[in-house]
Amino acid sequence: MAPKSKTAGGGAAKKSSSSSSCCNSCKCGSGMFSWLKIFAVLLGVLAPIVYLVEQNFERFYVFDLDHLREVSAKGIELHGNDTRAIVQHIVGELSATKGLAPYVNRDEQWVFNNAGGAMGGMYIIHASITEYLIIFGTAVGTEGHSGRHTADDYFHILTGTQTAYVPGEYTPEVYPPGSIHHLRRGDVKQYKMPEGCFALEYARGWIPPMLFFGFADGLSSTLDFPTLWRTAWWTAKQMGANLVKGKF
């Protein structure tokens, strides 16, 4: 009789184990379904908002492309290769322009920027949900991946020369001082600043998704967390301040 009792006990244990396994599977399935429901709700709420903003982007822009080109060109004409003087001229002119002053950051704080393998210095003049305007460059040269962005990016070259390459071409694109390198939304290039080069970089479109590209090297490669923190803080500070002013 003892062996039969042992067999019966083993069978009960197997049934209990099988039942527990089924419960765990049900819980996993239920948890996954809950996450899918949350994702579906968020998608349903955000999709119309994104579509509405996409259709009205122009209403949210405060910077004018022609004006930025003119201000940059005038700074180069007046100050030649004196990058510091060109930057001061640009910021001064933008601050003096009617309607722009509240959105221009005159506190010239510089921080390293590592993105796509390239490294340089950055001064944030403006950052909001739909626009950013920075001075980016380096005195020693750099090279990297442009990133594939959710905004149009305009590099107004102030001093030095920037070159760019796209697959299938056999010669580089060359952008000297006074020229504008337009990286269209969704496009990607290899770019290089062979020696010292600085640019007024203006982006318009969806800015927040671009931040992932801007922070990726700091999180995965350089591990320069103090710089990453300062960049995140200044960007958030600018975006928050502009939102309070009604600038989306």
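## Two sheets, a central strand and the helices around it

Six strands, in the order β1-β2-β3-β10-β5-β8, make up an open sheet with antiparallel pairing. Its edge strands are β1 and β8 (180-183), and each of these pairs on one side only. From one strand to the next, the twist averages 30°. The model described here is predicted.

### Strand β10

Strand β10 (197-205) sits between β3 and β5 in the strand order. How much of β10 is covered? Nine of its nine residues are buried, so the strand is mostly covered. Cys197, Ala199, Glu201, Ala203 and Gly205 point one way. Phe198, Leu200, Tyr202 and Arg204 point the other way. Both sets are buried.

On one side, β10 runs antiparallel to β3 (131-138). Eight bridges join β3 to β10. Within this pairing, Phe136 has Ala199 of β10 as its bridge partner.

The pairing of β5 (151-159) with β10 is also antiparallel, over eight bridges. Here Phe155 is the bridge partner of Glu201 in β10. His156 is matched with Leu200 in β10. As a general point, strands of a sheet pair through backbone hydrogen bonds, either parallel or antiparallel.

### Helices on the six-stranded sheet

Helix α3 (residues 65-79) lies across β3, β5, β8 and β10. The helix runs at about 15° to β5. Helix α5 packs on the sheet too, touching β1, β3, β5 and β10. The direction of α5 makes about 85° with that of β1.

Helix α5 covers residues 210-222, 13 residues in total. From first C-alpha to last, α5 reaches 19 Å, close to the expected 18 Å. Where is the kink in α5 centred? It is centred on Ala216, with a value of about 30°.

Met210, Asp217 and Gly218 are buried in α5. The buried residues of α5 pack against four strands named above, β1 (110-115), β3, β5 and β10, and also against helix α6 (225-244). Just after α5, Leu223 takes a positive phi of about 55°.

### The four-stranded sheet

A further open sheet has four strands in the order β4-β9-β6-β7, again with antiparallel pairing. β4 (142-145) and β7 (173-175) are the edge strands, each pairing on one side only. Neighbouring strands in this sheet are turned by 15° against each other on average, direction ignored.

Strand β6 (residues 162-165) pairs with β7 in the antiparallel sense, over three bridges. Gln162 stands opposite Tyr175 in β7.

### Salt bridges

How many salt bridges does the count give? The count comes to five. The table shows three of them, including two with both partners in helix α3.

| Pair | Closest N to O distance | Location |
|---|---|---|
| Arg204 and Glu58 | 3.8 Å | Strand β10 and helix α2 |
| Arg69 and Asp66 | 3.9 Å | Helix α3 |
| Lys74 and Glu77 | 3.8 Å | Helix α3 |

The pair of Arg204 and Glu58 links distant parts of the chain. Arg204 belongs to strand β10 and Glu58 to helix α2 (residues 57-60). The two residues are 146 residues apart. Is Arg204 buried or exposed? Arg204 has a relative accessible area of 12%, under the 20% cut-off, so Arg204 counts as buried. Glu58 has 60% relative accessibility, over the 50% cut-off, and therefore counts as exposed. This salt bridge thus has a buried arginine and an exposed glutamate.

The pairs in α3 are local. Arg69 and Asp66 are three residues apart, about one turn of the helix. Arg69 is partly exposed, with a relative accessible area of 39%. Asp66 is also partly exposed, at 44%.

Lys74 and Glu77 are three residues apart in α3, so about one helical turn separates them. Lys74 is partly exposed, with a relative accessible area of 38%. Glu77 has a relative accessible area of 59%, which is over 50%, so Glu77 counts as exposed.

### Bringing it together

Strand β10 pairs with β3 and with β5. Helix α3 lies across β10, and α5 touches β10. Arg204 of β10 also has a salt bridge to Glu58.

Definitions and conventions
Residues are numbered from 1 along each chain as its sequence is written. This is a predicted model: local features need pLDDT of at least 70, side-chain atom pairs count only at pLDDT 80 or more; totals for chains, interfaces and linings use all residues. Side-chain values use heavy atoms; hydrogens and water are left out. The expected span of a helix is 1.5 Å times one less than its number of residues. The bend at a residue is the angle between axes fitted to the seven residues ending there and the seven starting there. Buried means under 20% relative accessible area, exposed over 50%, partly exposed in between (1.4 Å probe, protein chains only). Contact means heavy atoms within 4.5 Å. Two strands pair if DSSP finds at least two bridges between them. Axes are lines fitted to C-alpha atoms, for helices over the stretch in contact, and angles run from 0 to 180 degrees between N-to-C directions. A salt bridge is a side-chain nitrogen of Lys or Arg within 4 Å of a carboxyl oxygen of Asp or Glu.
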